[in-house]
Structure formats: structure tokens, C-alpha cells
Amino acid sequence: MKNHEIAKIFNEIAGLLEIKTDNPFRIRAYRRAALNIEGLTRNVEDLSEDELIEVPGVGKDLAAKIAEYIKTGNVAVHEELKKEIPQIVLDLESVPGLGPKTAMLLHEKLQIKSIDELAKLAEEHKLAGLPGIRGKTEESILKGIGMLRRSQERSPLGKVLPIAQDLVDQLRVKAPLTRIDIAGSLRRWKDTIKDIDILAMSDNPKEVMRVFVHLPHVKEVIMQGPTKSSVVIKEGLQVDLRVVAKESYGAALAYFTGSKEHNIRLREMAVKRGLTINEYGIFRVKDNTKLGGEKEEDTYRILDLQYVPPKMREDRGEIEAAIEGKLPKLVTVKDIKGDLHVHSKWSDGSHTFEQLVEASKEHGYSYFALTDHSQGLGVARGLTVERLAEQKREIDTLNKKLKNIRILHGTEVDIRSDGTLDFPDDVLQTLDLVVASIHSGFKQTKEQLTSRIVAAMKNPYVSIIAHPTGRLIGERDAYEVDMDEILKTAKETGTAMEINAYPLRLDLSDIYAKKAKELRIPIVISTDAHVTTQFNFMSYGVSIARRSWLEKEDVANTLEVRQLLKKLKPFHRT
DNA sequence: GCCGTTTTCGGCCCGACTGTTTTCAGTCG
């Protein structure tokens, strides 16, 4: 699938044009096209030129560049720009606070060859004297280099959300505010997060800012103004706090939640109607009358749009759907009737069946699937055939005693390196459902990995493929698989795909989950819980589902157990 | 480079903060 490669090239072109101070709207056009191609659920290679032009932000010119890439493997404009602008300028620009202008200036005037050299020159005060640069700028460049070196990639949602919640709790106690919300990509529950955005309502913003920059978490203050401040916390993340008054809170929350691309679309719509939107409200241009802004819903209502839930605000078609009143009714945590991927003490989990039953009841479930590991997975104390049979007897006995809840007996069967399953069919046949997944041989070729999963899906007893790309956000990249091929086979075989809610996994990701929905493949949301507290991860999985536009009907484990079993393989059971 | 119930050409989202400036450019979100 070349969507990702093309998006990357368009983004690089945008970055290079930025350095050249090219037309900013042209730059934005490349970025917008990149975003939409990345989010496309169809493969660009399968699209005709007419269909390409249908993609928002892609016109005749960019459609031709996409065709060029598919045909030749590169884009001429991109190659020429790369020749014109040396890599070092892009490297310099990656320093926070250092933009295209300064990066180009440093390259042209001082022929700087590396970030290390830049740091050395800044320390020796050899930058001062260049146009617009004096002592403070040298300091801020050094700070920026420090941040660059500390800041790893984006952090997993599951790691950042608790930190943000803690900051909000502290501010609520210590600062004079009447309301506080997490905004930004955290509010959209994006799977990875770059910084934390917080919005507060207060009549005394200065005092709020004073408290904020003195919180114990804070390591460094980047900037501090009366309505907006930014700090770096000990965990290495940047935190932005914005404070506004009650009458602007909704507009500020919308502005600060983003995404930027979503907001730009709204602002463009406003302009066409003689209106303007900023973080203080929505206004009529001719007489500057404020039409709304206290509530987030105001803007959408005034633009004749359905209210767009935060998790859908990515400019991936939600605006068009909202215009037509066709936004999906998104699945919620309350819709989930049971968890279909749960481990117990029998393998590498921590809890007994009884404890898992209790936890399931507390979550309002009417069933859960016990899916301990299979024999080959020694590290996880995988079950032998004999242990699995013994487990079945215990579960049967327990199920007879249980009321209003049922344990489904399953397994998380390992898909072995050669593509065979870790239990024979006559064993799988005894189970209520079978979850299959890969735990080894991640370094195999894309073809090998894909064919292993495809082979598993063709087995009549495999109900669900779990965490199909194997990614561990921030720890291990997704292994190479041909997801189009996998989804195609899922469709053909009726195998369900899992959205694994484990915060480091979130796998399927939002883009592929959306694609699975469009193909009408059964989807389940499961936590992969190894301890009962991890049942709470369900909200992460549901957030991915919501970002993927999934409705209740798209998610199999919103069904009661009888319908669920009819929906999942094997189809012949009663 | 895209796009069109005011346009096929002329628009294109908007504001806060900083540093080096005397009115603004650069950067960020």
C-alpha cells in the first residue's frame, strides 16, 4: 500500500517549500493532501485519476504526482527540492523554536554541518550578530537543542493520559479556576501524543499561570503569558495551558481540541458565510457581533453542521458527513457486553476464574472469553492440550453455577513461524471461540508474516485475529504485514478482526479499523487483560473504535452471547 | 496547489508569545 509513502513525500515537499518561503497555501495544499491520502481507506494504486481527484485536497496536479510516484517510484519535484536544500537545513529546523527562516540563515551564513556544531557555536556566543540573533536567541536555541535530545518520539496515549489527569487534579486543587479540561490530541484520544494541552476557565488567569509554572512536575518554563503558558515537565513532555473566561470557553475548547486541520475547515466555512471564528467565539464580520462561543456546540449549530464528537475531528470526511447530517452514532463503552480476550492464572494472567467473573460483572458484562496462551508460548506458560481440557472441565462446572454471566472457553492460539497453529483442529473444535495471534518471527518478510496470518484465517475454527500488526507503541514497531491482503481474507473467510485495547497496542489502529468497517468485516474490541484492573482498558479500545467511526452494529461484542456466537466462526456450531 | 449557491481567477484561519525591534518577523499551535 503506497498511501503512506506518498503522504510522506508530500509532507517532505511541504517542509522543503516552507524553507524556501514558497506560497504558504501551496504548502498547506501538500500537507492537506498528505493527511487525506494517509487516512484513505482505499489503496491509491487502485484508484483511477478521476477517483483520485475526488479525494479532498487532491486536484489535477497532485493526482498526476501520485500517478508519477506509482509509475516511477519517485516524484521529480521532490527530487529537485532535495538537491536544492541540504538535509542539514531540515535537521536544524527540527530544533524546537527554530523555524525555516533561522535554519536557512544559519546554513547560509555559517555553513553549519550538524546540531552539535550549532550547540557549540551557541555556547561560544558566535551566533550573536547575525540578523535578528542576540544573546536570548542563543539561549533559546540551546534550550531547544536540549529539548530535542530529551524528547523521544510521540508517547503512547496510555502513558500520557494519567500524567495529564494528575496535572489537572493538582490545578483544580491549587489554582483559582471554575472549570478545567484536557484538550488537544489527548481529548481526541489519538494513539500517540506529542504534548499535553489543558484548558481552564478563570477570572484570575495570571494567578492560574503562576500556580501552573510552579507545579512540582515542572522542570522548565518555555513561555508564560497571561492567557497562555508552556512548560516542560519531568517526564519530558511539553504542557500547554490556556486560560479563558466563561463566555469564550466553548470556542476555546474547540480551538484547543483541534485537530488543526478540522478547525481550518470550520474557519473556512465561516469565512464563506461572512463569519469569523477564533478561540473567543464565532462573530459576524460586518458588525463584529458575537454569535456564540460559550458552548462548543455553538459553532457547529451556526454553521448548520451536526455536532462532531472530538474523536472524529481529523478532517477525514467528518465535515462532509456533518453537512449532510450523516455522522455515525458512535459506539460507547456501555454498548460492550463482554471482553473477548482475557488471560487467567492458568497462563500468564494473575487472577482466578472467579475473580475474572467478578470483574466482568462489575463492568456490566454478560460474558467474557477466557483466552489463555497455547502450549508453544513457554514464556507465557502456555497451556498443553491436557491442561486446556482440564480448564474446560472447570469452566463447564463453574458455568453451571453462574447466573447472568457466562464464561466462553477460548484460547489465544499462537500462529507459529511456519504458519501452522499451536493446537490441532480437533482441539480447537472443542472451544467456544479461538483467538489467533503472532508472538514470534517478527523479523520475517512481509510476505511470510502476511501468509501466516492468512493461513490462520483460513482455518475454520479461528474466530478472531488479535493485535494483527504486533506493534508496541514507543517500544516495538509494527511488523511488516500486508494489511489489505489480511482484511481481504478476513472478509472472504468471515474472520473477525480485533481492536486490542491494551494501551501500548491499540492494534488495529484507527485507519485500519475504519477500513475494516467499510468492508463490513466483523470487529471486536478486547482488552487482552492479564489482571482484572486491565478490564478498564476497554475505554482505550472504544476510543479507537470511535476514531474509526464505528457504530454499535459494527462491533460484534456489543451483541448478546447467542448472537455473538452466530456472528463469529466457526459458523456451524449451535 | 486547491477550489467555487457571491468566483475558473483570486482568494485561501487566526491569534499568543518572544526577541529584537521602535512597528514587526519568526515560531508555534
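1. The lining of the largest cavity comprises, by class, five nonpolar, four polar and one charged residues (Ala, Val, Leu, Ile, Met, Phe, Trp, Tyr, Cys and Pro count as nonpolar, Asp, Glu, Lys and Arg as charged, and the others, Gly among them, as polar). The model is a predicted one, in which local features need pLDDT of at least 70 and side-chain atom pairs count only at pLDDT 80 or more, while totals for chains, interfaces and linings use all residues. Residues are numbered from 1 along each chain as its sequence is written, chains are lettered from A and ligands numbered from 1 in the order in which they are written, and side-chain values use heavy atoms, with hydrogens and water left out.

2. The residues that line this largest cavity are Ala 251, Ala 254, Tyr 255, Asn 263, Leu 266, Arg 267, Ile 277, Asn 278, Gly 281 and Thr 299, and the space inside is about 90 Å³ (a volume is the space filled by probe spheres set on grid points joined across faces, edges and corners). At least two residues of the lining come from each of α13 (249-257), α14 (260-272) and β8 (275-278) (helices, H or I with at least four residues, and strands, E with at least two, are DSSP runs numbered from the N terminus).

3. Two cavities of 30 Å³ or more are present in the structure (on a 1 Å grid over the protein atoms alone, a cavity is a set of points where a 1.4 Å probe fits but cannot get out, a pocket is an open set with protein on both sides within 12 Å along at least five of seven lines, and lining residues have an atom within 4 Å of a point). The second largest cavity, with a volume of about 40 Å³, is lined by Lys 311, Met 312, Glu 314, Arg 316, Arg 547 and Trp 549, and by class this lining has two nonpolar, no polar and four charged residues.

4. Arg 316 appears again in the second largest pocket, where Leu 40, Pro 56, Arg 316, Gly 317 and Lys 514 lie nearest the centre among the 16 lining residues. The space in this pocket is about 470 Å³, its lining has six nonpolar, four polar and six charged residues by class, and α16 (318-323) and α22 each supply at least two of them.

5. Lys 514 and Trp 549 are also linked to each other, in that the charged end of Lys 514 sits over the ring of Trp 549, 4.2 Å from its centre (NZ of Lys or CZ of Arg must be within 6 Å of the ring centre and within 35 degrees of the ring normal). Likewise, Arg 476 has its charged end over the ring of Phe 442, 4.1 Å from the ring centre.

6. Nine aromatic pairs are found when the whole structure is searched. Tyr 255 and Phe 256 make a stacked pair, with 6.0 Å from centre to centre and 10° between the planes (rings of Phe, Tyr and Trp, its six-membered ring, pair if their centres lie within 6.5 Å, and planes under 30 degrees apart count as stacked, over 60 as edge-to-face and the rest as tilted). Tyr 255 is partly exposed at 28% relative accessibility, whereas Phe 256 is buried at 12% (buried means under 20% relative accessible area, exposed over 50%, partly exposed in between, with a 1.4 Å probe and protein chains only).

7. The rings of Tyr 502 and Phe 537 form an edge-to-face pair, because their planes stand at 85°, with the centres 5.3 Å apart. This pair links distant parts of the chain, 35 residues apart, with Tyr 502 in the loop between β16 (496-500) and α22 (510-518) and Phe 537 in the loop between β17 (523-526) and α23 (538-547). Tyr 502 is partly exposed, with a relative accessible area of 25%, and Phe 537 is buried at 18%; ring pairs join both residues with Trp 189 and Tyr 540 into a cluster.

8. Thr 532, also in the loop between β17 and α23, is buried at 18% relative accessible area. Leaving aside neighbours within four places in sequence, Thr 532 is in contact with His 351, Gln 355, Leu 356 and Ala 359 (contact means heavy atoms within 4.5 Å).

9. Phe 368, in strand β12 (residues 367-373), is buried at 0% relative accessibility. Its contacts, leaving aside neighbours within four places in sequence, include Leu 356, Phe 353 and Leu 408.

10. In helix α7 (residues 100-110), the buried residues are Pro 100, Ala 103, Leu 105, Leu 106 and His 107, and these pack against α1 (3-19), α6 (87-93) and α8 (115-123). Gln 111, which follows α7, has a positive phi near 50°.
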